[in-house]
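Visitor: I would like to learn how to read a protein model step by step, beginning with single residues and ending with the whole chain. Could you take me through it?

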Amino acid sequence: MEFLILLGAPGAGKGTLSRVLQKQDHFLPVSTGERIRHEMADPSSSFGLRAKPYMDRGDYLPDALALELFAQLVTEYAEADRLVLDGYPRTVPQGEHFLNWCQEQGHRCLACVRLEVPVEDAVARIEQRRVCSQCRAPYHLQNRPPKLPGICDLCGGRLMLREDDDSERLQRRLQRYEELTRPLLDWFAERDLGLSLDGNQPPETLRETLMAFLSREKL
Ligand SMILES: [Zn+2]
């Protein structure tokens, strides 16, 4: 299996880039955040219960819990050839574990991509985000608006703000990102796997730069 890792503060555009890579390059997007929110919405999920206190504060999951989730996702996607990971690894210990695991299992980590956007741009993007309260389909008032205002195209559910997008939790997530995730890109860069991109560029431009980076060995 081949992996791409996406890093970026909340609102940096990881979801949009994932969708482009899925459409054009057959990378299956795997978002740990989406899965965690899904599990938390299911009262019978023990994982959701254990994750809730951290998510409620806008904190990262502890490494052990994040690893448990990743192991579960990888088992589910075992048939896929290429995955783009949004949300794991996102600390240096998780990165170390991930690369060791790839080596043991014969998987390949292609690159770790960081989308950089100024904080005020990220916050502005987040304010435009909505999610369906029933099927959790994501929307963006400007870039992916629903056909009818406030109503999900897929299931007719009511659109709402994402639970973790309120300003207090968002500030915490941005802070955790700076502390814990920013060092991870440097760590990957030391291993010649790190690529930093300007998240304000159009997704197609980002994709082209990424593809050029991935083909660097063949030059
Ligand atoms: Zn829906």
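Visitor: Where is the place of G13?

Guide: Residues are numbered from 1 along each chain as its sequence is written. This is a predicted model, in which local features need pLDDT of at least 70 and side-chain atom pairs count only at pLDDT 80 or more, while totals for chains, interfaces and linings use all residues. Helices (H or I, at least four residues) and strands (E, at least two) are DSSP runs, numbered from the N terminus. With those names in hand, G13 is found in the loop between β1 (2–8) and α1.

Visitor: Is G13 buried or exposed, and why?

Guide: The general idea is to count C-beta atoms, placed from the backbone: a residue is buried if 20 or more others lie within 10 Å of its own, exposed if 12 or fewer, and partly exposed in between. G13 is buried because 24 other C-beta atoms lie within 10 Å.

Visitor: Which residues is G13 in contact with, leaving aside its neighbours within four places in sequence?

Guide: Two residues are in contact if their C-beta atoms, placed from the backbone, lie within 7 Å. Under that rule, and with the sequence neighbours left aside as you say, G13 is in contact with G8, L115, V117 and G199. For L115, the C-alpha atoms of the pair are separated by 7.3 Å, although the two residues are 102 residues apart along the chain.

Visitor: How does a residue of a helix read by the same method?

Guide: Take V92, whose place is in helix α5, and which counts as partly exposed because it has 16 C-beta neighbours inside 10 Å. Not counting residues up to four places away in sequence, V92 touches P183, L184 and W187. L99 also has its place in helix α5, and L99 is partly exposed, with 19 other C-beta atoms within 10 Å. The C-alpha atoms of L99 and F47 are separated by 25 Å, with their positions 52 residues apart along the chain.

Visitor: How do the axes of helix α4 and helix α5 cross?

Guide: Axes are lines fitted to C-alpha atoms, for helices over the stretch in contact, and angles run from 0 to 180 degrees between N-to-C directions. Here the axes of α4 (residues 63–76) and α5 (residues 92–105) come within 10 Å and cross at roughly 35°. The contact is made by D63, A66 and L67 on the α4 side, and by P93, Q94 and H97 on the α5 side. For sorting residues, Ala, Val, Leu, Ile, Met, Phe, Trp, Tyr, Cys and Pro count as nonpolar, Asp, Glu, Lys and Arg as charged, and the others, Gly among them, as polar. The residues of this contact between α4 and α5 then divide into 3 nonpolar, 2 polar and 1 charged.

Visitor: Which backbone details should I look at in the loops?

Guide: One is the peptide bond joining Y88 and P89, which is cis, with omega about -10°; P89 lies in the loop between β3 (82–86) and α5. Another is the sign of phi: H26, although not a glycine, has a positive phi of about 60°. H26 lies in the loop between α1 (14–25) and β2 (28–31), and counts as exposed because it has 10 C-beta neighbours inside 10 Å. R136 is not a glycine either, and its phi is positive, near 70°; R136 lies in the loop between β5 (129–132) and β6 (138–140).

Visitor: Which residues touch the most other members of the largest nonpolar core?

Guide: A nonpolar core is a set of buried Ala, Val, Leu, Ile, Met, Phe, Trp, Tyr and Cys residues joined through C-beta atoms within 7 Å. The largest has 37 residues, and L4, I5, L6, L7, V84, L85 and V113 touch the most other members. Leaving aside neighbours within four places in sequence, L85 is in contact with F3, L4, I5, L6 and V30.

Visitor: And how should I describe the whole chain?

Guide: The protein has 8 helices and 8 strands, and of its 219 residues 30% count as buried. Residues 24 or more positions apart account for 70% of the contacts with a separation of 6 or more. The radius of gyration is taken over C-alpha atoms, and the globule rule is 2.2 Å times the number of residues to the power 0.38. With 219 residues, a compact globule would have a radius near 17 Å, and the protein's value of 17 Å agrees.
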